Each structure stands twice: as structure tokens, then as C-alpha cells.
Amino acid sequence: MSNAWKIYLLAIISFLVGTSEFIIAGILDKVAEDIGVTVSAAGQLITVFSLAYAFGTPFLMAVTARMERRKLLLYSLGVFVIGNGIAVVLPGFEFLIGSRIILALSTGVFVVTALTVASKLAPAGKQGGAIATLVMGFSTSLIIGVPLGRVIASVYDWKMIFGGIGVLALLAILAISFSIPRTDGEEPVPLRKQMALLKDKKIIVALTVTFFWIAGYSVTYTYISPFLLTVTGMSESVVSAALFAFGIASLIGSKLGGYSTDKWGVSRTLIGGMLLHAVTLVLISLTAQYSAVMFALLMLWAFSAWSSGPTQQVNIINLAPEASGIILSLNTSMLQFAMAAGAGIGGIVVGQASLASVSWIGAASVAIAAGTAAASFGMSRSRRMAKERALHKAGA
């Protein structure tokens with residue numbers, strides 16, 4: 001097997017673990033009904049997953065830094081199988097929470113390790129393409145995995161989804177054992193060094209933008225299935241189709257966001273995308289009862305929300321290019337914190353107010369992100385112009 005196919009193999013497995021993360025939002029109402037909890041309580045399964053991912057992944061990667069990479073891939077997938085097995089076999093909300101924690105930790109370790117292995121398998125100068133392939137595999141789980149899971153949960157028991165993922169993960173372990181070469185570990189990056197970057201105010205502001213942007217997205221997306229079923233009144237089949245369209249639009253948005261960043265720059269793309277994101281969430285609130293309009297707005301929402309992904313990553317890297325790996329890791333942790341916060345806030349809103357309120361809260365959060373980004377870029381531009389004027393005067 002060529003190295004290119006090995007990278008595609010890792011991308012396919014990334015799709016599998018990505019599906020295990022995102023699928024809960026697509027079947028939240030089914031899970032809540034089956035285990036006897038409210039929809040808002042079931043939404044905390046996403047909160048738990050995100051917190052475990054955010055706190056656990058940096059620590060586990062630091063502890064296992066010297067471990068041979070193929071072995072680490074196999075170990076993480078083994079734990080991943082156990083996590084899926086717990087969801088299938090053991091009853092009750094508590095065991096499902098335990099399953100989500102195990103799945104979060106194993107997913108985080110696998111994804112980070114797979115990115116490292118893919119970059120080493122790629123030819124010189126092609127590492128970026130290899131990483132993009134893996135990210136594409138992970139994000140494709142939104143396009144195919146989530147709507148497919150919704151269909152399966154509608155026809156069969158939702159636990160079959162996790163059972164199927166577990167079986168496929170066993171096959172993935174065999175595939176990695178026979179195809180991925182041994183790769184040496186690396187010197188660990190101390191958590192102290194990772195945290196040192198947080199002393200930079202520009203980085204803190206950028207991470208704040210990530211937090212409010214993703215929290216606003218998560219508040220609404222966590223409860224999107226019950227929202228569409230209850231508030232909009234869509235049927236099961238239409239919800240599945242809507243989630244599929246959402247995934248397609250998210251992929252297009254991500255691609256065009258990267259193109260726009262290269263052509264028009266980070267500030268225009270990021271602020272424009274987030275403003276469109278906030279406006280779309282407001283429109284979703286105002287037109288929630290109209291299925292045809294909602295279908296189009298869901299696609300516009302996915303497009304605008306995911307267009308900010310590559311742009312924010314470029315923005316983050318530009319702030320500390322000499323420590324890109326560490327700062328991207330911090331951004332990923334902040335993203336997961338935001339997912340947890342959004343799911344948690346959404347649960348409170350659904351429990352205390354109504355499902356129809358979540359998109360208003362999401363719009364407000366994304367608007368804060370856009371305003372923070374605009375203020376940050378404006379201050380940076382003012383400082384740069386002041387420095388240029390000072391240099392001009394000194395030269396004169």
C-alpha cells in the first residue's frame with residue numbers, strides 16, 4: 001500500500017471517530033426518550049464529551065509523547081471500541097456519560113496522533129495536503145455520518161449506531177496493524193510551555209473569538225433535531241434530509257472560507273462570515289415555523305458557520321507561527337470548551353424557556369465573537385499605522 005493510500009485509510013478512520021462525536025446531536029431526541037431523561041439533560045452528553053476532550057487530550061498527548069505512534073493509534077482505537085461497547089451494553093444515563101468521556105479521550109488522542117503520522121507519511125512539501133485530507137475525513141462525518149445515523153435511529157434502535165461504529169473500529173485496528181509503519185514518538189511539550197502562550201493578549205483575544213463563535217454555534221446545533229421536529233414541525237425523513245444538506249453546506253463553506261481568506265484576507269472573511277452566521281440564526285428564530293424557508297436557512301447557517309473555521313486557524317497561526325502546533329492545540333481545546341458551554345447553556349435555555357429560544361442565544365454569542373474580532377483587527381491596524389508613521393518621521 002502506498003503512503004497516499006495509508007493517509008486515506010487514516011482519513012476514513014477519522015470519519016468513523018468523527019461520527020461518534022457528532023452523532024449525538026442528530027439523535028438527541030431518540031436518546032432522551034429511550035433513557036428516560038429530558039432533551040436538555042441529554043444535551044449534556046455533548047457537554048461532557050467536549051470537556052473531557054478539551055481537558056484530557058493535551059494531558060494524554062504530553063504523557064504519551066514518547067510512545068511509538070502506531071502503537072498509540074492502536075491503543076486509542078482499542079479504548080474507542082470499549083467506549084462504544086459501554087454505550088451499547090450498559091443501560092442508564094450514568095453509563096452513557098461514562099461512554100462519552102471514554103470516547104472523547106480516545107477520539108482526541110487518535111485524531112492528534114493520526115495528524116502527526118499523516119504528516120510524516122506525506123512527501124516533502126505535501127504535509128499540508130495530508131493534514132487537509134484527514135480533516136476532510138473528520139468533517140465528512142457531519143455530511144454522511146450524522147444524517148445516516150438519524151435514519152438508522154429512526155428505523156432501528158439508536159444503540160445499533162454505536163455497535164456498528166465499534167465493529168468498524170475493530171476492523172480499523174486490523175487495518176492499521178498491517179498497513180501503518182512504526183513511527184517514533186517525540187519529545188513531549190510541557191503543559192507549562194503550552195500555557196505560556198496565554199500571556200500574549202492577542203492570543204487571548206483570538207481564543208475568546210473562537211469561544212464565542214463556537215459556543216453560539218453549539219447552543220443551536222446541539223438541539224437542532226428536536227428543534228426541527230418540535231418547533232418547525234418537520235417529519236423524520238425531512239429532518240434527515242435537512243441534516244444531510246447541512247453537512248454539504250458546511251463542506252462548501254469550509255472550502256470557500258479558505259479561498260476567501262487567501263483572496264480577501266483574514267479580517268474580511270472572518271468578520272463577514274461571523275456576521276452572516278449571527279444574522280442567519282436570527283432569521284432561523286423568526287421563521288422557525290416555515291419548513292421550506294428553514295431548509296434554506298439551515299444550509300446558509302452551515303455555510304457561514306464553517307466558513308470561519310479555516311480563517312480562524314490561519315489567524316491563530318499568524319499570531320505565533322513559531323509555535324503553530326501548540327497554539328492550534330490550545331485553539332482546539334478552546335473549541336471543545338465552547339462546545340461544552342454551548343450545550344450546557346442550551347440545556348438551561350431549553351429547560352427554563354423553550355427550544356425556540358436557543359437560536360437567539362446563539363446569534364448573540366456569535367455577534368459578540370464578530371465584534372471582538374473587529375475590535376482586535378481594528379486595534380492591530382491602528383498600532384501598525386502608528387508604527388509606520390513613527391518610522392516615517394524618524395526617516396525624515
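Leaving aside its neighbours within four places in sequence, which residues is T311 in contact with? The legends below refer to a predicted model, and the first view takes up this question.

**View 1. Surroundings of T311 in helix 14**. T311 lies in the helix that spans residues 291-319, and, with a relative accessibility of 0%, T311 counts as buried because the limit for that class is under 20%. Once neighbours within four places in sequence are set aside, the residues in contact with T311 are G257, T261, V266, T269 and L270. One of these, T261, is joined to T311 by a polar contact of 2.8 Å between the two side chains. The side chain of T311 also reaches the backbone oxygen of S307, at 3.2 Å.

**View 2. The largest cavity and its lining**. The structure holds one cavity of 30 Å³ or more, and the volume of the largest cavity is about 90 Å³. Its lining is made up of E21, F22, I24, A25, I46, F49, S50, R100, S218, Y221, T222 and M339; by class, seven of these residues are nonpolar, three are polar and two are charged. At least two lining residues come from each of helix 1 (3-26), helix 4 (44-63) and helix 10 (201-221), and helix 1, with four residues, gives the most.

**View 3. The largest nonpolar core, with L77 and its contacts**. This core has 97 residues, of which L10, L77, F110, Y221, L228 and W301 touch the most other members. Helix 1 gives the most to this core, contributing 11 residues. Y221, named here among the core residues that touch the most other members, is also one of the residues lining the largest cavity. When residues up to four places away in sequence are not counted, L77 touches I13, V17, F110, A172, I173 and I176, and F110 is itself listed with L77 among the core residues that touch the most other members.

**View 4. The second nonpolar core and the contacts of L207**. A second core, separate from the largest one, has nine residues, including A206, L207, I326 and I327. L207 is found in helix 10, a helix that also supplies at least two residues of the lining of the largest cavity. The relative accessible area of L207 is 4%, and L207 is therefore buried. Not counting residues up to four places away in sequence, L207 touches L198, I316, L330, N331 and M334. Of these, I316 is 109 residues from L207 in sequence, while the two lie 8.1 Å apart in space, C-alpha to C-alpha.

Note on methods: Residues numbered from 1 in each chain as written. Predicted model: local features only at pLDDT ≥ 70, side-chain atom pairs only at ≥ 80, totals over all residues. Heavy atoms only, no water. Buried < 20%, exposed > 50% of the residue type's maximum accessible area, 1.4 Å probe, protein only. Polar contact = N/O pair within 3.5 Å; in protein donor to acceptor, adjacent residues only side chain to side chain. Contact = heavy atoms within 4.5 Å. 1 Å grid on protein atoms, 1.4 Å probe; cavity = no way out; pocket = protein on both sides within 12 Å on 5 of 7 lines; lining within 4 Å. Points joined across faces, edges and corners; volume = space filled by probe spheres on them. Nonpolar A, V, L, I, M, F, W, Y, C, P; charged D, E, K, R; others polar. Core = buried A, V, L, I, M, F, W, Y, C linked by side-chain atoms within 4.5 Å.
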